[in-house]
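Please work through the exercises below with the sequence and the coordinates at hand. Each task is followed by a solution in steps.

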Amino acid sequence: MPIPEKVLTALKNSLEGDVVFDEVTLNRYSTDASLFVVKPALVIYPKNSEDIKKVVKIVGLHKKDCPDLSITPRAAGTCMSGGPLNKSIILDITRYMQGETKIVGNMAETLPGTFYRDFEQETLKTNQILASFTASRDLNTIGGMVGNNSGGEKNLRFGKTEKYLKQSSIILADGKEYEVKPLTKEELDQVMKRDDLWGRLHSDLFKLITDNLEIIKKAKPKVSKNSAGYYLWHVWDGQTFDLNKLIVGSQGTLGITSRVKLELVPVEKHQQLLVVFLPGLKQISQVINDVLTFGPTSLESYDQHTFGLALRFLPELIKKMKLKNLFKLSLSFWPEFKMFLRGGVPKLVLLVEFTGGDEKDLSQKVATLDKKLKSYQVTTHRANNDTEIEKYWTIRRESFSLLREHIKGKRTAPFIDDIIVRPEFLPQFLPQLQTILDEYDLIYTIAGHAGDGNFHIIPLMDMTDSKNHEVILELSDKVYDLVLKFEGSITAEHNDGIIRTPYLEQMYGSEIVALFKEVKHIFDPSNIFNPGKKVGGTKTDVKKYLSHH
């Protein structure tokens with residue numbers, strides 16, 4: 001859908017930033033890390049928040065005459081759900097709205113287009129870190145982390161981005177910028193008296209939450225992490241009203257975040273890694289539950305397919321580790337080679353990481369855990385040096401990239417890529433999941449956050465075969481039915497986007513989805529912000545936008 005000439009003229013004449021619509025640019029913004037292709041009509045690189053406000057006002061002014069006009073904010077494009085794709089206007093915040101990171105005490109303020117890798121360089125100068133960093137930490141931005149409510153390998157101990165977003169600035173549908181911070185009931189009462197969008201929004205949202213408090217509480221997923229839907233259960237706790245809890249994870253559907261303030265945690269000086277090789281899945285819950293009593297920082301996992309990929313593409317793995325010594329790295333695989341000779345390839349590898357300030361205490365903790373786990377007749381290995389530790393983490397982090405880069409004729413297909421159930425259900429859940437997957441004769445890897453029961457399943461598929469388009473919808477139905485049978489969530493970290501929005505009713509039921517629609521209407525009555533995500537997306541959209549290559 002082309003942008004009407006009057007809208008294009010208004011944008012060109014008003015903005016300091018760049019307005020671009022050449023074919024090369026539009027094609028580049030047609031994809032992210034998902035399975036979808038959605039070609040936009042226009043890409044805008046806003047110079048600052050004033051530019052964003054102008055874009056919102058212009059789109060709002062012309063929306064009635066041009067109903068297809070809308071705005072989707074985009075950061076690094078690493079989303080696997082199709083979150084930053086739109087057929088109208090893409091607002092890329094990474095060209096100009098980045099940097100300017102200011103750190104005071106344990107709080108860091110920055111712009112949403114700031115790449116995490118640059119942000120971390122600044123925080124490390126104060127010996128602090130944003131603990132919710134992701135596996136794509138070298139690629140993603142802070143704004144993307146807030147929009148998706150991202151998490152990573154340290155979530156088990158430290159939690160997701162929602163825990164660290166303390167204050168933000170957001171541009172709403174009226175084209176004005178507002179400061180979002182926690183409010184006491186007295187402060188909330190004052191805001192609700194205002195006769196503007198900000199006042200009405202708080203008033204309507206507070207009423208929605210308090211009128212439906214019981215069903216909202218009941219709807220909260222019974223898992224440690226969730227990125228599905230709007231987080232209505234977190235906004236009002238009876239004492240504090242905090243819109244940041246709703247904005248985080250909203251994928252730019254409620255407004256456009258222009259600045260964020262995040263809490264940092266101290267970097268811990270020492271780390272120890274215990275690797276656990278599970279020959280089967282029967283003991284996984286007992287092993288995980290025992291490990292959790294020791295308070296690890298991370299409890300990650302990957303399956304035999306992932307480990308096979310690492311061996312198959314060893315030279316690339318070495319490059320990613322920045323190691324030139326092939327002999328040294330090969331020696332570091334000796335524990336695995338010995339294990340393979342004795343008992344074959346393990347079904348699952350667990351990485352148990354401990355961090356802290358006292359190295360002796362960590363060593364004692366790892367030794368005690370190691371001894372305890374031996375009673376399950378599982379093989380364990382204590383990583384002896386930084387090379388070994390880096391090897392295991394590189395395998396865990398790079399499996400998706402290895403798949404994407406090397407398998408010809410098929411591509412990585414993230415659509416059931418982020419499911420979560422409580423760890424006590426894993427012995428029943430994982431075999432049933434594998435039975436469903438194996439019905440379709442797929443090549444796939446399973447990696448994830450075992451301590452949370454959160455697994456990333458990435459199949460390889462030939463997207464030129466239209467039968468696979470049907471498989472994606474069919475398999476999603478089956479997998480999500482299984483997830484919900486075990487009281488889980490269809491997405492723990494990666495969010496809804498195009499791929500999962502149609503399944504929110506399957507997860508929450510029609511009553512909660514109706515509340516989600518009401519939330520969207522309260523913030524965005526004209527539907528100008530990232531349409532089709534969180535509410536309004538259908539399986540027809542999934543079929544329509546699936547890639548054919």
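The exercises that follow concern a predicted model.

**Exercise 1. Packing of two helices**

Task: Determine how H18 and H19 are oriented to each other, and which residues in them meet.

Solution:
- Step 1. H18 covers residues 426-438 and H19 covers residues 466-485; their axes lie 10 Å apart, at an angle of about 170 degrees.
- Step 2. Angles over 145 degrees count as roughly antiparallel.
- Step 3. H18 and H19 are therefore roughly antiparallel to each other.
- Step 4. On the H18 side, the residues in contact are Phe429, Gln432, Leu433, Ile436 and Leu437; they meet Leu475, Lys478, Val479, Leu482, Val483 and Lys485 in H19.
- Step 5. Sorted by class, this contact of H18 with H19 comprises 8 nonpolar, 1 polar and 2 charged residues.

**Exercise 2. The two sides of helix H1**

Task: Identify the buried residues of H1 and state what they pack against.

Solution:
- Step 1. H1 spans residues 5-14, and Val7, Leu8 and Leu11 are buried in it.
- Step 2. Viewed down the axis of H1, the buried residues fall within an arc of 100 degrees, so they line one face of the helix.
- Step 3. Glu5 and Asn13 are exposed residues on the face of H1 turned away from its buried side.
- Step 4. The packing partners of the buried residues of H1 are strand E1 (18-20), strand E2 (42-45), helix H3 (49-62) and strand E4 (89-92).

**Exercise 3. Nonpolar cores**

Task: Describe the largest nonpolar core and name the residues with the most contacts inside it.

Solution:
- Step 1. The largest nonpolar core contains 119 residues, and those with the most contacts inside it are Leu232, Leu243, Leu246, Phe429, Leu475 and Phe523.
- Step 2. H19 supplies the largest share of this core, 8 residues.
- Step 3. A second, separate core has 25 residues, among them Val56, Leu69, Ile93 and Ile171.
- Step 4. Returning to Phe523, its contacts beyond four places in sequence are Leu172, Ala173, Leu201, Leu205, Leu243, Leu246 and Leu254.

**Exercise 4. Positive phi values**

Task: For Glu487 and Asn530, establish the sign of phi and decide whether each residue is buried or partly exposed.

Solution:
- Step 1. As background, most residues other than glycine have a negative phi.
- Step 2. Glu487 has a phi near 60 degrees, a positive value in a residue other than glycine. Its position is the loop between H19 and helix H20 (497-500).
- Step 3. The relative accessibility of Glu487 is 37%, so Glu487 counts as partly exposed.
- Step 4. Asn530 has a phi near 40 degrees, also positive in a residue other than glycine. It is found in the loop between helix H22 (510-523) and helix H23 (539-545).
- Step 5. The relative accessible area of Asn530 is 0%, so Asn530 is buried.

**Exercise 5. Surroundings of Ser258 and Ile528**

Task: Locate Ser258 and Ile528 and list what each touches, leaving aside residues up to four places away in sequence.

Solution:
- Step 1. Ser258 belongs to strand E12, residues 256-263. With a relative accessibility of 2%, Ser258 counts as buried.
- Step 2. Ser258 touches Ser49, Met97, Leu111, Pro112, Ser169, Ile170, Ile171 and Glu177.
- Step 3. Ile528 sits in the loop between H22 and H23. At 2% relative accessibility, Ile528 counts as buried.
- Step 4. The contacts of Ile528 are Val56, Val59, Lys63, Ser70, Ile71 and Ala173.

Conventions: Residues are numbered from 1 along each chain as its sequence is written. This is a predicted model: local features need pLDDT of at least 70, side-chain atom pairs count only at pLDDT 80 or more; totals for chains, interfaces and linings use all residues. Side-chain values use heavy atoms; hydrogens and water are left out. Axes are lines fitted to C-alpha atoms, for helices over the stretch in contact, and angles run from 0 to 180 degrees between N-to-C directions. Helices (H or I, at least four residues) and strands (E, at least two) are DSSP runs, numbered from the N terminus. Angles under 35 degrees count as roughly parallel, over 145 as roughly antiparallel, 65 to 115 as roughly perpendicular and the rest as oblique. Contact means heavy atoms within 4.5 Å. Ala, Val, Leu, Ile, Met, Phe, Trp, Tyr, Cys and Pro count as nonpolar, Asp, Glu, Lys and Arg as charged, and the others, Gly among them, as polar. Buried means under 20% relative accessible area, exposed over 50%, partly exposed in between (1.4 Å probe, protein chains only). The arc is that of the directions from the helix axis to the C-beta atoms. A nonpolar core is a set of buried Ala, Val, Leu, Ile, Met, Phe, Trp, Tyr and Cys residues joined through side-chain atoms within 4.5 Å.
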